[in-house]
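Work through the exercises below with the model open. Try each task before reading its solution.

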Amino acid sequence: MKQIVQAWRHVFKLDPDRPIDDQTLEAVCSSGTDAIMVGGSSGVTYDNTDCLLTRIRKFQIPCVLEVSSLEAIVPGFDLFLIPMVLNSCDPQWLIGNQAKAAEMYGEMIPWNLLVPEGYIVLNPDSTVAKRTEANTLLTESESAAYAQIADRMLQLPIVYVEYSGTFGNMELVSAVGRRLEHARLFYGGGIVDGETARLAASACDTVVVGNIVYSDLDKALKTVDAIKNRGI
Ligand code: 1GP
């Protein structure tokens, strides 16, 4: 099951804390995207996560939970993505919360369904950067070095360059990608139309699209078309 991640080119990330009507959800789940990632930086609870999962399950699309809160780990997802924020100044976001989860849930953890992600968080204004106290001042070569450690030393299957809320520096993203031998490179942040999706897709392996779903559905759907139907 973990291998499905390797085939993803486009993913929509849906936030359990943000309302989404049935029509929009159907359009997103039937868009041709490769998977739905459920996750958010604040306000994620067991109930709103469970509710969103139930609604997504009406559609034939892989659905994974990106775990950001110990209280909101809902069983029944296809995979559980476990962020490790590599450039956080607080070790709880690198390993502390994960250890707490192991202590709390121990035997119940479906280890074969966990996929760790090495996050490099680069937009200082994003909620995730503030919450995790990320050092967002990393240069291109510093970011690439973090990625190399994640790939070659920690052997993480995913490195995720996260600019949540703003379109990032694609030269930096490409530089990160060049340093990876095995890990898949996810990019997310500020993808708002076909053009930004195309640019990101040429710098990374998997493009993650979030906010635009909630503000302009048509443009969100064009991001799928730009990547999946043009062979990028
Ligand atoms: C957020 O990387 C995702 O975690 C997507 O970012 O919401 O800016 O599209 P946006």
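The exercises cover the ligand site and the aromatic pairs of this predicted model.

**Exercise 1.** List the residues around the ligand and sort them by class.

*Solution.* Start with the shell: Lys13, Tyr160, Glu162, Ser164, Gly165, Gly188, Gly189, Gly190, Val208, Gly210 and Asn211. Then sort. The shell divides into two nonpolar, seven polar and two charged residues. Glycine counts as polar here.

**Exercise 2.** Find polar backbone atoms that approach ligand oxygen atoms, then state how much of the ligand the protein buries.

*Solution.* Take Gly165: a polar backbone atom sits 2.8 Å from a ligand oxygen. For Gly190 the distance is 2.9 Å. For Gly210 it is 2.9 Å. Now the area. Alone, the ligand exposes 300 Å², and the protein buries 92% of that.

**Exercise 3.** Classify the ring pair of Trp8 and Phe186, and place both residues in the chain.

*Solution.* The structure holds six aromatic pairs. In this one, the centres are 6.5 Å apart and the planes 55° apart, a tilted pair. Trp8 lies in the segment before strand E1, Phe186 in strand E7, 178 residues away. Both Trp8 and Phe186 are buried. Ring pairs link these two with Tyr119 and Tyr160 into a cluster.

**Exercise 4.** Why does the pair of Phe167 and Tyr187 tie together separate parts of the chain?

*Solution.* First the geometry: 6.1 Å between centres and 75° between planes, hence edge-to-face, as planes over 60 degrees apart count as such. Phe167 lies in the loop between strand E6 and helix H6, and Tyr187 in strand E7, so the pair joins parts 20 residues apart in sequence. Finally, check exposure. Phe167 is partly exposed at 28% relative accessible area; Tyr187 is buried at 0%.

Technical notes. Residues numbered from 1 in each chain as written. Predicted model: local features only at pLDDT ≥ 70, side-chain atom pairs only at ≥ 80, totals over all residues. Heavy atoms only, no water. Near = heavy atom within 4 Å. Polar contact = N/O pair within 3.5 Å; in protein donor to acceptor, adjacent residues only side chain to side chain. Areas by Shrake-Rupley, 256 points an atom, 1.4 Å probe, with all protein chains shown as cover. Phe/Tyr/Trp six-rings, centres within 6.5 Å; stacked < 30°, edge-to-face > 60°. Helix = DSSP H or I, 4+ residues; strand = E, 2+ residues; numbered from the N terminus. Buried < 20%, exposed > 50% of the residue type's maximum accessible area, 1.4 Å probe, protein only.
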